[in-house]
Amino acid sequence: MRADLALIGFGHVGRRFARLIEERRDWLSLDYDLDCRVVGIATRHHSSVFRMAGVDAVACAVSVEGGHPLNESGAPLAGDSFDVIRRLSESDAPLKVLVETTTLDINAGQPAIDHVRAALQAGCHAVTANKGPAAFAFEELSALAYDRDASFLFEGAVMDGVPIFNLVRETLPAVEITGFRGVINSTTNHILSALEDGEGYDAALQRMQEMGIAEADPSLDVDGWDAAAKTAALANVLMRARMTPQAVDREGIGPGTARLAMAAKARGARVRLVASARRTPQGVLTSVRPVELPEADLLAGLRGMANALVLQTDLLGEIAVCQLSGSLTQTAYALLSDLVAIRRRQRSAPHAAGPGRSL
């Protein structure tokens, strides 16, 4: 079955995804009868292209990495991102999928929310690695997806390609998530590990930027906003919290955290930036803050770019999911896994999942 894709956002993750679907093309065809074809790409700084017969997304990635606009690859120019989405909706492919990888806007989750909304309204499926749609508009977009018999998926929004949302949705029926705690930001965990080893804060942060893990402006990471957005997304999807990142009690890290990290290590403990949520009679309370943990704590043992999330449940107690390393490939894989999930759903009865957490 053919799936026509429009890539909105073509940064590190978007370009890695373009290459990944080529690397896994035979696998997708043999195992899932899925033939993915990129028909449009929209970027903020390198123009936009669209061709109904398909564009060479890998060639476009090479053009962008060489500092050239997308049309250097020979693909015809298109309008803005919404024009690309509109033209995607006119495809005759059985599956039409928006792949959204724009940068997180911590104030309102835009334009990612508008991109997903436009795709769903036009009858297209939407997958995103952007935390904004789930952190700011999960209930609205889930209901819209259900109404339009489409999928709204976002596995890459938290812990790259590790199946957190899929784990709960697909394998934990009738289980209530009562809370969670975890280390869910790779940049800050790498910095805290480096501080424990006596390295300077600035040097550790610069290394994360050079690897493409932290942005050129790393304030979203070190100030705790990235973790707050992930916390809001987790709370909204898993606990029906209906909150935004601004509602998360947040404290980040800075050069002064080195003293806390070294003092904790001397006591046999570790400092980690912990995201947490718990259900109370007043609602779901969430926080992101540096926490001193005993050395035996699972989260204390996470070093470098390792992440982990501990889900607290009513029937199964605590369930921990660990990711020992992170990379662009793993985030791109999350988008690929969401594509496969859409294909699987297409094979089953329509409206197999109702609105809410089950999406």
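This passage walks through two sheets, the helices that pack on them, and a few individual residues in a predicted model.

A good place to begin is the sheet that contains the start of the chain. Six strands form an open sheet in the order β3-β2-β1-β4-β5-β6, and their pairing is mixed. The edge positions belong to β3 and to β6 (152–153); each has a single partner strand, so one side of each is left without a neighbour in the sheet. Further inside, strand β1 (residues 2–8) pairs with strand β4 (residues 95–100) in the parallel sense, over six bridges. Within this pairing, alanine 3 is found opposite leucine 95 of β4. Helix α4 (residues 81–89) packs on the sheet and touches β1, β2, β3 and β4. The direction of α4 makes about 170° with that of β1.

Strand β2 of this sheet offers a residue worth a closer look, aspartate 35. Its relative accessibility is 38%, and aspartate 35 therefore counts as partly exposed. Once neighbours within four places in sequence are set aside, the contacts of aspartate 35 are Met1, Arg2, Ala3 and Arg25. With arginine 25 there is also a polar contact between the two side chains, at 2.9 Å. Arginine 25 and aspartate 35 are ten residues apart along the chain, and their C-alpha atoms are separated by 7.2 Å.

Helix α3 (residues 57–65) can be followed from one end to the other. Ahead of the helix, aspartate 56 caps the N-terminal end, with a side-chain oxygen 3.3 Å from the backbone nitrogen of valine 58. Along α3, the residues Ala57, Cys60, Ala61, Ser63 and Val64 are buried. These residues lie on the same side of α3, because they cover an arc of only 160° around the axis. In helices generally, there are 3.6 residues a turn, so residues three or four places apart point the same way. The cover over the buried residues of α3 includes α1 (12–23), β2 (35–42) and β3 (48–50). After α3 comes glycine 67, which has a positive phi near 85°.

The other sheet described here is also open and has six strands, in the order β8-β10-β9-β7-β11-β12, again with mixed pairing. At its edges stand β8 (249–250) and β12 (318–323), each with a single partner strand, so one side of each is left without a neighbour in the sheet. The partner of β8 is strand β10 (residues 283–294); the two run parallel and are joined by two bridges. One of the residues involved is aspartate 249, whose bridge partner in β10 is serine 287.

Towards the opposite edge, β7 and β11 run antiparallel and share six bridges. Glycine 182 has leucine 309 of β11 as its bridge partner. Six bridges also join β11 to β12, again in an antiparallel arrangement, and here glutamine 312 is matched with glutamate 318 of β12. The hairpin of β11 and β12 has four residues between the strands, and glycine 317 takes a positive phi near 70° there. Strand β11 is largely enclosed by the rest of the structure, because six of its seven residues are buried.

Two helices can be placed against this sheet. Helix α11 (residues 225–239) lies across β7, β8, β9, β10 and β11, and runs at about 160° to β7. Helix α8 (residues 186–196) is home to asparagine 189. With a relative accessibility of 1%, asparagine 189 counts as buried. Its side chain reaches the backbone oxygen of alanine 306 at 3.2 Å. Beyond its neighbours within four places in sequence, asparagine 189 is in contact with Val183, Arg272, Leu302, Arg303, Gly304 and Ala306.

The final topic is how nonpolar residues are gathered. In soluble globular proteins, nonpolar side chains tend to be buried together. The largest nonpolar core has 77 residues, of which Leu120, Leu234 and Leu238 touch the most other members. Helix α11 supplies the largest share of this core, eleven residues. Another core lies apart from it and has 36 residues, including Leu7, Val55, Leu336 and Leu339.

Technical notes: Residues numbered from 1 in each chain as written. Predicted model: local features only at pLDDT ≥ 70, side-chain atom pairs only at ≥ 80, totals over all residues. Heavy atoms only, no water. Buried < 20%, exposed > 50% of the residue type's maximum accessible area, 1.4 Å probe, protein only. Polar contact = N/O pair within 3.5 Å; in protein donor to acceptor, adjacent residues only side chain to side chain. Contact = heavy atoms within 4.5 Å. Pairing = 2+ DSSP bridges. Axes fitted to C-alpha atoms, helices over the stretch in contact; angles between N-to-C directions. Core = buried A, V, L, I, M, F, W, Y, C linked by side-chain atoms within 4.5 Å. Arc of directions from axis to C-beta.
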